[in-house]
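Biologist: I am new to this structure and would like to learn how to read its strands and its core. Could you take me through them one step at a time?

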Amino acid sequence: MSLEQNSLNTFSEEGVLFLESTVSRLEIEKLRRECTRLALSESTDSYVEEGKEHPRALLGITKKSKIFDSISRSNPFLSVAKQVLKTSNVYLHQAKVNMKAPFRGHSWAWHQDYATWGPVDNCPYDNMLNIFLFLDDITEISGCLYIINRSHKNGVLSGQWENNVAYPLFSTTDNTVAKLFNNGITPLIGNAGTIALVHPSSIHGSNVNLSPKSRWLVHFGYNRCDNHPTKINYKRKDVQANRDFTPLKAL
Ligand code: SIN
Ligand code: MN
């Protein structure tokens with residue numbers, strides 16, 4: 001798949017874009033079963049909210065699962081990442097599933113991914129790309145992700161480390177969010193199989209899941225191979241900041 005110029009323009013202007021292409025229900029079912037397997041496996045790096053039965057995030061999914069590895073190298077994921085990042089060599093800085101359990105899944109404070117991937121992980125530029133894949137029919141009540149439009153244009157914004165449910169998160173200050181809030185908000189809602197691109201400097205966050213349905217969201221964070229960390233931060237696990245910069249091979 002190749003994005004039209006007007007879609008590329010929209011993405012670079014807004015910092016968020018839904019793809020027309022979707023992943024089939026059958027494939028989604030396969031990926032969901034794989035998430036359940038990974039969540040139960042002792043060897044999976046995960047964050048949990050309220051015990052093993054409520055995982056919040058499964059990390060390093062492409063290292064632990066052939067199915068997730070394959071999808072991250074398939075069309076449209078890899079082709080779109082290469083096109084948006086204007087290179088034929090990309091790798092995954094991070095690959096995870098963010099899981100919100102029915103009635104339980106907790107919120108995420110407003111933050112920028114690049115506020116960690118830059119200053120902490122040492123990736124030189126925010127020339128990176130988030131691709132999200134919905135593993136559920138996601139609604140506002142199930143705790144969808146919200147993106148502040150055009151918030152990616154100001155580099156790393158002021159923030160503070162705060163204790164997130166599972167691990168510390170560098171969240172954007174209330175004042176900064178208040179200033180950008182009038183830009184408008186894009187909710188990542190849609191049917192299972194929906195794919196959305198989000199700029200790594202876009203401010204995003206989400207509410208608790210108040211619905212009786214789960215909200216599972218795959219997150220692939222692609223990076224240009226030539227934008228790999230200049231210095232490894234050994235305080236971060238490699239499932240948080242990948243140290244293997246080998247270009248991904250298209251499936
Ligand atoms: C994230 O920013 O990685 C998680 C946000 C969410 O899943 O709601
Ligand atoms: Mn994030």
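Biologist: In strand 11, which residue is the bridge partner of Leu 133?

Modeller: In this predicted model, Leu 133 has Ile 195 of strand 11 as its bridge partner, and that pair belongs to a wider pairing, in which strand 6 (residues 128-134) runs antiparallel to strand 11 and is joined to strand 11 by 4 bridges. Strand 1 (residues 16-18) also pairs with strand 11 in the antiparallel sense, over 3 bridges, and here Val 16 has Val 198 as its bridge partner.

Biologist: Which way do the residues of strand 11 point, and are they buried or exposed?

Modeller: From strand 11 (residues 195-198), Ile 195 and Leu 197 point one way while Ala 196 and Val 198 point the other way, and all of them are buried.

Biologist: How should I read a nonpolar core, and which residues touch the most other members of the largest one?

Modeller: The general idea is that nonpolar side chains tend to be buried together in soluble globular proteins. Here the largest nonpolar core has 37 residues, and those touching the most other members are Phe 68, Leu 133, Leu 197, Phe 220 and Tyr 222. Among the elements that give two or more residues to this core are helix 4 (66-72), strand 6, strand 11 and strand 13 (215-224), but helix 5 gives the most, with 6 residues.

Biologist: What is Phe 68 in contact with, leaving aside its neighbours within four places in sequence?

Modeller: With those neighbours left aside, the contacts of Phe 68 include Leu 31, Cys 35, Leu 38, Val 97, Val 218 and Phe 220. Apart from the largest core lies another, of 12 residues, with Cys 144, Tyr 146, Leu 188 and Ala 196 among them.

Terms used: Residues numbered from 1 in each chain as written. Chains lettered and ligands numbered in written order. Predicted model: local features only at pLDDT ≥ 70, side-chain atom pairs only at ≥ 80, totals over all residues. Heavy atoms only, no water. Buried < 20%, exposed > 50% of the residue type's maximum accessible area, 1.4 Å probe, protein only. Pairing = 2+ DSSP bridges. Core = buried A, V, L, I, M, F, W, Y, C linked by side-chain atoms within 4.5 Å. Contact = heavy atoms within 4.5 Å.
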